Amino acid sequence: MNPSARLSAAIEILTVMDEQRRPVADVLRDWGRSHRFAGSKDRAAIGDLAYDALRVHASAAWIMGDASPRAVLLGALRRIRGMTSETIAGLLTGQDHAPAPLTEAELARLDTDTLADAPDHIRGDIPEWLAPSFAAVFGQDTAAEGEALSRRAPVDLRTNLLKGDRAKAERALKHLGPEPTPYSPWGLRLVHSDRAPAMAAEPAYAKGLVEVQDEGSQLAALLSGAGPGQQVLDLCAGGGGKTLALAAMMENKGQVYAADADGRRLTPIYDRLARADARNIQVRAPRGTQDVLADLAGRCDLVFIDAPCTGTGTWRRNPDAKWRLRPGALEQRCKAQDEVLAAAVRYLKPGGRLLYATCSVLHEENEDRIAALLAAHPDLLPLDAGVMAARAGVPQLGNHASKSGPGLRLTPRTTGTDGFYIAALTRAAG
Ligand SMILES: C[S@@+](CC[C@H](N)C(=O)[O-])C[C@H]1O[C@@H](n2cnc3c(N)ncnc32)[C@H](O)[C@@H]1O
C-alpha cells in the first residue's frame, strides 16, 4: 500500500471507531483480518496514523474547524508529523485509493494552523471534563503538560541487576542506540523516530537482562527503598513489572509477596520471574474467600501499592484511553484506591514503609487519597519527598515534590517519564 492508501485506511478506521464506539485496537485488529492483502508494515503504519490522530484529536479538530475523521487525520499530519499543506496535498490525489483532494477550506485551515484562541484543554488535548482537575494540578502549565502527554513515548528498558549491569545491557543492545535514562540507575532509553523495536526478538530481553519498563515505573520501585533481607508485600502486583524491580533491588534476598485482587492479572508473572532469575518472589494469588495474606499482618518492612488508577499519566502510550475515560471511572478508581490503602496498613510492621504509586497525575487519585488515609491513621507519617529522593540516590527528584501534599509527581514534560505520583508513609515505630 502506498502512503495515500494507508491514509485512506486510517480514515476508515477512525470512522468505524466513531460509529461503533469501539477501542482503536479492536478496530485495527478487525481491519487487518478483513484486509489480508495489507502487510505487517502497512498495518503498523496505518495504526501509527490512527494513534497519532487520537493523540491530538481535540487540537487537530480545532485547527481544521471540523472533528470528522478526515479532518482530524489531516490536522494530525500537520501537528504531530509537521507536514506542510503542500506535502499533505500531495498525498490526497483522489486516485488509486487515495483520499479525495484537499478542499480550498482545508488547505486554508492547514496553512493557518493556529491554536491562538483555543482554551488550554484543546491546546493540551485534554478531555474537557478533566480540564479543572488538570488546571488544579498544573495551573498555567496545563496546556504544555497536556501537549507533552500527547507525544509519542520512547521505549524505556530496565536492566535486571540479577543478570548484569547497565553497561552490559548497553553493549548487548548497541545496535538500537540505547542511552542511559536521566534518573533511574538501571534505565536505558531507545528513542525511536519511527517504529518501536521488537524487544521480544532481542536476546538481551529473551535472556532476562532487560525488561521493558517506563523510567517512571522504575523510579516508583527505586523510591520504595526496598533492600536485601526485607519482607515486602507488593499488594497490586498485576503482571509483576514492579515486583521484578523490587526483587532485583533486594538482590534475591528476603521475600517479595506478589498479590493482586484479580488472580488473572498475575498470570504473566511466572514466566517473567523465571526469565529474570528472580528467586525471592512468592506469588499469593487469591483463593476464593480465603485470606491468603493473613500471615503477613504486622510483618512487612514495605507494603508497595501500585494502585489501580485512571492512567492519565500513560496517555503517551495509550492515547485512545484519554477520550474513553468517563467521570464515573475516576470516582470508581478513587474508591478502589481508598480500599487498597486501608487494607495495606494492616501488613505494616511498626517502623515499616508504605509506598503509594499511581500512573495518574490527578490530585483526586493522589494527594487527596493520601490525605484521607493520614486522617484515618494518626500512626502513619508522611516521608518528605526530598528525603525520599535523596535516600534513594536520586536527590534531583526532590525538585518534583508535590506542592499540595506529600509525595512527588513525574510527568513527560518535567521528567521525561510517564506521569506518576509516588508517596511514602512510615508507620510509627510504636
Ligand atoms: C496499576 S495495576 C498494577 C501493575 C503492576 N504492579 C505492574 O507493575 O505491572 C493495578 C492492579 O491493582 C489490582 N487491584 C485493584 N484493586 C485491588 C485491591 N483492592 N487489592 C489488590 N489489588 C487490587 C488490579 O487488579 C491491577 O492488577
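How many nonpolar, polar and charged residues does the shell around the ligand have? The exercises below work through this and related points on a predicted model.

**Exercise 1. Describe the shell around the ligand by class, by nearest residues and by contributing helices.**

Step one is the division by class: the shell has 7 nonpolar, 4 polar and 6 charged residues. Step two turns to proximity, where, of the 17 residues around the ligand, those that come nearest are Cys 236, Gly 238, Gly 241, Ala 261 and Asp 306. Step three assigns residues to helices: helix H14 (241-249) and helix H17 (327-345) each supply at least two residues of the shell, and H17 gives the most, with 3 residues.

**Exercise 2. Work out the strand order of the open sheet and identify its edges.**

Begin with the individual pairings. Strand S1 (residues 155-159) and strand S3 (residues 187-190) run antiparallel and are joined by 4 bridges, with Leu 157 standing opposite Leu 188 in S3. Strand S2 (residues 179-180) is likewise antiparallel to S3, through 2 bridges; here Pro 180 has Leu 188 of S3 as its bridge partner, and the two strands S2 and S3 form a hairpin with 6 residues between them. The remaining pairing is that of S1 with S4, antiparallel over 3 bridges, in which Arg 158 stands opposite Glu 211 of S4.

Joining these pairings gives an open sheet of 4 strands in the order S2-S3-S1-S4, with antiparallel pairing. S2 and strand S4 (210-212) each have a single partner strand and therefore stand at the edges, so that one side of each is left without a neighbour in the sheet.

**Exercise 3. Classify the packing of helices H3 and H5, and describe the residues that make the contact.**

Two packed helices are described by the angle between their axes and the distance between the axes, which sets the first step. Helix H3 (residues 40-55) and helix H5 (residues 69-79) pack at an angle of about 90°, and their axes are 8 Å apart. The second step is the classification: angles of 65 to 115 degrees count as roughly perpendicular, so H3 is roughly perpendicular to H5. In the third step the contact is resolved into residues, with Leu 49, Asp 52 and Ala 53 contributed by H3, and Val 72, Leu 73 and Ala 76 contributed by H5. Finally, the residues of this contact of H3 with H5 divide into 5 nonpolar, no polar and 1 charged.

Note on methods: Residues are numbered from 1 along each chain as its sequence is written. This is a predicted model: local features need pLDDT of at least 70, side-chain atom pairs count only at pLDDT 80 or more; totals for chains, interfaces and linings use all residues. Axes are lines fitted to C-alpha atoms, for helices over the stretch in contact, and angles run from 0 to 180 degrees between N-to-C directions. Angles under 35 degrees count as roughly parallel, over 145 as roughly antiparallel, 65 to 115 as roughly perpendicular and the rest as oblique. Two residues are in contact if their C-beta atoms, placed from the backbone, lie within 7 Å. Ala, Val, Leu, Ile, Met, Phe, Trp, Tyr, Cys and Pro count as nonpolar, Asp, Glu, Lys and Arg as charged, and the others, Gly among them, as polar. A residue is near a molecule or strand if its C-beta atom, placed from the backbone, lies within 6 Å of it. Two strands pair if DSSP finds at least two bridges between them.
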